[in-house]
Structures are given as C-alpha cells and as structure tokens.
Amino acid sequence: MAETADVESIRDTDERKQNLVDSYKAVMEVSWNFDYETSIDKVNDLYKRAKTNQWNADDLDWDVAIDPSNPIMRRENTQYYDMPFFKRLSAQQQETFIAHSTAQMLSQFLHGEQGALLTASTITHGVEDVRAKYYAASQTMDEARHVEVYDRYVNKIAMHYPMVGWLKDLIDVTLKTENVHKIMIGMNMIVEGLALGAFNNMYQQTDEPLLKSITFNVMRDESRHVSFGHVFLGPRVAAMHQDDREDLAQFAFDAVGILVNGQKDVDPGFMKVLEVSNINPQDFMAGMKEAAEQGLVQDLPPGQVHSLKDLMIPALVRAGLITTRTKELFEQAGVPVNEDLTVLEAMEDAKSDQSILNQQGASY
Ligand SMILES: [Fe+2]
Ligand SMILES: [Fe+2]
C-alpha cells in the first residue's frame, strides 16, 4: 500500500515538474583512454590545486539576515547610481529596482552554473587525456557546488528569474557540438570569462557578507576553470592544422556573436524587473541611452572589469583562437580585439589560491 502511494507521489511530482525540464540529444564523442599519463604538467597542477581547494557550502553562514537594513546591494554601489534617469525615480522605486535587478543577475548565475555543470561533465566524457578527465571531474564537482550555493541564496532572497535567452542559446550551442575543444571554448573561455567578470563585479559591489563570501569562493574556483582553457587548449591549438584552427576560431566568433547580439535587446526577465519597479520600459531605454551619451555606461568603477574586452577576447587571443580572418570578422561586428592580457592574468590562478586568499583577507 505504502509502495503504491510512493509511486503515485513520484508520478504526480514528475508530471508537475516536467515543464521545467529541457532535454535534447547531443552528439559528443565519449573517449576511454588506457594511457594514464599526461603530457601537460600544468593540467596536473590545476587538478592538485582543485583537490586542495575544495570547500563546503554548509560552512558558510546561511543564517545572516537580508533585509532593508542589510540589502544585497546598496544603490550607491551600482552602475545606475550616477545615471540621471535613476535619480529621477522615487526612493521606493530605486530600492525595488536595485533589489530585483540584482536578483535577476543572481538567477543568471544559478542557471549559468547549471550549464557549467553540464559542460564540465561532458568534457569529462569527451576529452582524451586521462589527467584532463580528472581535472574536468573536479570542475564538475565545483560547478555542482556553485549551483548549490546560488540555488540556496536565490531561495533565501525568494526572488526567482528565468534564464535569459541568449545565455541559454550560448550554452546549448556549446553542448550540442561534437567537438570537445569547442565545448572548452564555449565554456572555459567564453561563458566562464563572462562569469569571472560578473563575479568580480558582484564581489566589488556587494557588502552583504553571505553573498560576498559565496562570490569570493566561487570566483576562486572559476579562475582555475578559465586557466584550464588556456593550459590545455593553447598547446593543442598551436599544433593544429590551419583548417582545424579556423574551424575552432569560427566557432569562437559565432559564440561571442550570440552574446553580443543577445545583449542588444531587453530580456523578458528584465522586463519583469522593470514592471515590479513600476518603471516604463521606454523610459528605461531612453534613460540608458541618455547615460551612454553622457559617457556613464562605458566607464566602469575602479576594480570592475569588462568581461568581453578584458577577459574573453584576451583569452581567445592567447590560445590562438582569433585568426587573421576572424579578427577582421570581430572588427566588422564592432568587437575590438584586445590583446592585452593584464587583467586576465591578474585574475587567474597565476600563483596560488592561498596567495589570493591572503591578499583579499577573506575566507569562507
Ligand atoms: Fe561555476
Ligand atoms: Fe566554472
């Protein structure tokens, strides 16, 4: 009798939750490898670092209160604060808009982390080098923990937003490729470059202690993930036939295009943010245009980074994934090819995780 009730309960729950599932078939090749050595010492180093820097989300202080006296984000810490349109809003509208636009971004962190969980496990299946499989498995665990922490945080603040369309498209294109190197480009260079910049900016902007400690710890893991794209893929791309290199370079260009073109429109989730804040979308767009004309959109506050310019494009350049041909395509598309690696290298695990910990004076 009890067993029947259990089966019925599972069936009910499955039916209710089915519309939250999005399944499709992918064409990724799976590789066994009976050579247990690697030719890339730096992949071993990253795996060792991943093992010693595991952390447990349960150790964070989840009891911290988040209320108007301790908001996720103070309005003066946001990019909107100096914009004339923002100053014209009422105090109530400003508070609601900042709370919900921050929550909408945190939901993107959550959904993007699920995408990273899927891609990291796919790399574990597909990559031929066994030590790279170890590393990708460690990244898979990292990404599971990232999904866990952002899910717990989003539930705590009780403001849920759907995944933006272009981010879902970008990760789907990455997961649907047959080539494990393209998965690394889409995830470890493009999506994680985007994420590392966004986490850094969130870390700089928020004073809320729980979110600050979550973001710090996640960022430390992500810097390892971005390094993997470099140390594993860089030498392989250099050794490739030009036609194969062009194929990867085209994939990188197309993937960046999804992001650049997708960001031109206001996403339906963000429309919801405007709606709950009682802001007319046309007024918002006009306000952003006005701020751009006054130079208030491009200039980031000190310490903040521009993901595309400072992280993604330099990572692609460094790995040899922008060819003479695709450089022209980027420039025609209005995306300058920045070859300066300074910000990227400063944010990676160039030295050791512990030194980053000491510099920041933070811990979990
Ligand atoms: Fe992650
Ligand atoms: Fe990651």
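Me: What makes Tyr-80, Phe-85, Phe-86, Phe-97, Phe-270 and Phe-284 a cluster?
Reply: Ring pairs link them. Rings of Phe, Tyr and Trp (its six-membered ring) pair if their centres lie within 6.5 Å; planes under 30 degrees apart are stacked, over 60 edge-to-face, the rest tilted. Bear in mind that this is a predicted model, where local features need pLDDT of at least 70 and side-chain atom pairs count only at pLDDT 80 or more. Side-chain values use heavy atoms, with hydrogens and water left out.

Me: Why is the pair of Phe-97 and Phe-270 called edge-to-face?
Reply: Their centres are 6.1 Å apart and the planes meet at 90°, so the pair passes the distance limit and falls in the edge-to-face class.

Me: How do you know whether Phe-97 is buried or exposed?
Reply: Buried means under 20% relative accessible area, exposed over 50%, partly exposed in between (1.4 Å probe, protein chains only). Phe-97 has 0%, so buried it is.

Me: And why is the pair of Tyr-47 and Tyr-134 called tilted?
Reply: It's 5.2 Å centre to centre with 55° between the planes, so neither the stacked nor the edge-to-face label applies. Tyr-47, at 22% relative accessibility, counts as partly exposed.

Me: What makes Glu-143 a donor of the iron ion (ligand 1)?
Reply: Donors are N, O and S atoms within 2.8 Å of the metal (3.2 Å for Na, K and Ca); water is not among the atoms, so sites may look incomplete. Glu-143 gives an OE atom, and the protein donors lie 1.9 to 2.7 Å from the ion. Glu-143 also coordinates the iron ion (ligand 2), with the two ions 3.1 Å apart.

Conventions:
Residues are numbered from 1 along each chain as its sequence is written. Chains are lettered from A and ligands numbered from 1 in the order in which they are written.
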